[in-house]
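Colleague: I would like to learn how to read a model such as this one, feature by feature. Could you take me through it slowly?

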Amino acid sequence: MTDAATMTSPLAATPGGSAAGGAPAGHAPAAGAPAGHAPAAAPQPGTPQPQAPQPRALPRLLPPGGAAAVPQDLAHHVRSHGPLRCRRARRHRSGAGDGLIAEIAAAGLTGRGGAAFPAATKMTAVATGRRRPVVVGNGAEGEPASGKDKHLLWLAPHLVLDGLQLAAEAVGARTVYLYVHAGGRLHERLTFALAERAAAGCDLRPVRLIAGPPRFLAGEESALVSRIDGGLAMPTFKPPRSFERGVGGAPTLVQNVETLAHVALIARRGAAWFRQLGTAEEPGSMLTTCHRADGTTEVAEVAIGTPVAALLGLGSAPAQAVLTGGYHGTWLRAADAARLPLANAPLREAGATVGAGVLAALPPGRCGLTETAHVVRYLAAESAGQCGPCLAGLPRIADALTHLAGPDPDPRWLTHLRRWSGLVTGRGACHHPDGTVRFVRSALTVFEHEITLHRQRRCSVAGAPSAAGGEPFLPVPAATPAYSQDWR
Amino acid sequence: MSVRMRVNPIACTGHGLCAELLPERISMDEWGYPIVSPRPITPVLEALARRAVTDCPALALLLEKER
């Protein structure tokens, strides 16, 4: 096994990968942080803090040191965060009465996988089910533009594994899984981390590491359940939802790995500490993957409510548009994005969401239509192909975009594109068609001028538009599924 | 309490029987898949709706009761 200290982030190995660039964590201005909080959370000058001896504000989850941060082994982890006290799994039905669930509710922790659903509500629903629940940590970060879960698992796996044990204890689960994409050094590292914990005897419940396929949809809850049950990692029809009937038919708590890492810190430091960062409605810190206009990519832990302009360095590296929320997310005009803090409430007013914390600044001299067409071609190929409207509609939508991104497109493609976008929405077993259409529609608004230019055989990229477009700015994997084996 | 029709899009293979049995609530898109109206199934339509559910060759239709 490789010495943990010599390992670097797996993201650093990928082209345009993360963890390069300046010091990320802790640099963020804590905008919207303290104001309007519960009085208990506000640090009183001169009053000793009983909870924690003045921890630095950020980073909370990631080890300090920014790009030079060292992956934490178990000993290092226990020195930084203190040991975890695990009790025996109580019979479930403890529900909201469980101390930790109440603390998580008080902290206002929301899911960091993209949906921002209140974590405590999900835990209570699972804990009060009829059968003993199952807990799954979801680290299958299928979104190509997101690297934050891989980064967290690489640098601080034990925080996630602590959170997994705590969540299992809180809902009364004995069966615990950690689900990540197959292969690579991250898988090895997690196997090593689990072995460290087994040797130290610090986990009451064994954790099974399950490998998912490298598919965009592999982390969708029902796809995850299907994969753990031995099937293909494809979404299933709802109901039942996994919190009602998931792995092996048991109520299943599926939490994103970052959410679990926050749980591990809330259990140690409490809700008031958690609320010292973030906004009153959306407390805490979050991991983001920032693709800046200068071509650098970085995973940074920031307070919720930090200005988007600061995260993307829009002052020094100007952009023409900003993508928020990843490939199921929304394009915003750079001037609009620059005025927004990174939080769901303000972003929703602009028609966008935080999602899993992906931000991408499209530099000038890039064709937004071409970028969007590349991504939508990828999304169409990543459809599980199970639902007729998605199977038939997404490739046509991708075709229409490719035409619009080319020189002198037939204006009827725009008409087709709008009609097909309406036709696929809400008609899949999962949100893949809906998310794809959200992304496409925002592109049609933000890059409207580009459509006009292309009809005049011009393009904002120097010279004329070309169908090929060259190397895209937004990362898109080349491999797409062809066989059922690709979904295992 | 109202009853609505839903299609399981994974099970549906686009036979098109439902749109013929219940054109009041189901139409076909340009690819041959059913578009199910979110409007409730009125008592007058209930018998036809049940027939569409039982006759679907893919058993892809369901009636859902909502409060």
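Colleague: What does Gly426(A) do just after helix 15 of chain A?

Modeller: Gly426(A), just after helix 15 of chain A, takes a positive phi of about 75°. The model is a predicted one, in which local features need pLDDT of at least 70 and side-chain atom pairs count only at pLDDT 80 or more, whereas totals for chains, interfaces and linings use all residues. Residues are numbered from 1 along each chain as its sequence is written, while chains are lettered from A and ligands numbered from 1 in the order in which they are written.

Colleague: How many residues does helix 15 of chain A have, and what span does it reach?

Modeller: Helices and strands here are DSSP runs (H or I over at least four residues for a helix, E over at least two for a strand), numbered from the N terminus. The expected span of a helix is 1.5 Å times one less than its number of residues. Helix 15 (residues 412-424) of chain A has 13 residues and reaches 18 Å from its first C-alpha to its last, close to the 18 Å expected.

Colleague: Which residues of helix 15 of chain A are buried?

Modeller: A residue is buried if 20 or more other C-beta atoms, placed from the backbone, lie within 10 Å of its own, exposed if 12 or fewer do, and partly exposed in between. In helix 15 of chain A the buried residues are Leu417(A), Trp420(A), Leu423(A) and Val424(A). These residues lie on the same side of helix 15 of chain A because they cover an arc of only 130° around the axis, the arc being that of the directions from the helix axis to the C-beta atoms. The face turned away from this buried side carries the exposed residues Thr415(A) and Gly422(A).

Colleague: What do the buried residues of helix 15 of chain A pack against?

Modeller: Their partners are helix 14 (388-405) and helix 16 (432-446) of chain A, where contact between two residues requires their C-beta atoms, placed from the backbone, to lie within 7 Å.

Colleague: Turning to sheets, in what order do the four strands of the open sheet in chain A stand?

Modeller: Two strands pair if DSSP finds at least two bridges between them. In this open sheet of chain A the order is 3-2-1-4, with parallel pairing. At the edges are strand 3 (207-212) and strand 4 (252-256) of chain A, each of which pairs on one side only. Strand 2 (residues 175-181) of chain A pairs with strand 3 of chain A over six bridges, and Tyr177(A) stands opposite Arg208(A) in strand 3 of chain A.

Colleague: Where does helix 6 of chain A lie?

Modeller: Angles between axes, which are lines fitted to C-alpha atoms (for helices over the stretch in contact), run from 0 to 180 degrees between N-to-C directions. Helix 6 (residues 184-200) of chain A lies across strand 2 and strand 3 of chain A, at about 175° to strand 3. Helix 7 (residues 221-228) of chain A also packs on the sheet, touching strand 1 (134-138), strand 2, strand 3 and strand 4 of chain A, and its direction makes about 110° with that of strand 3.

Colleague: Which strands form the five-stranded open sheet of chain A, and in what order?

Modeller: That mixed sheet of chain A has the order 6-5-9-7-8. Strand 6 (297-303) and strand 8 of chain A each have a single partner strand, so one side of each is left without a neighbour in the sheet. Strand 7 of chain A is joined by four bridges to strand 8 (residues 330-333) of chain A, running antiparallel, and by four bridges to strand 9 (residues 358-362) of chain A, also antiparallel. Leu323(A) stands opposite Trp331(A) in strand 8 of chain A, and its bridge partner in strand 9 of chain A is Ala360(A).

Colleague: Are the residues on the two faces of strand 7 of chain A buried or exposed?

Modeller: Both faces of strand 7 (residues 321-324) of chain A are covered, since Ala321(A) and Leu323(A) on one side, and Val322(A) and Thr324(A) on the other, are all buried. Five residues lie between the strands of the hairpin of strand 7 and strand 8 of chain A, where Gly325(A) takes a positive phi near 80°.

Colleague: What kind of peptide bond joins Leu58(A) and Pro59(A)?

Modeller: That bond is cis, with omega about -5°, and Pro59(A) is in the segment before helix 1 (74-81) of chain A. The bond from Lys238(A) to Pro239(A) is cis too, with omega near 0°, and Pro239(A) lies in the loop between helix 7 and strand 4 of chain A.
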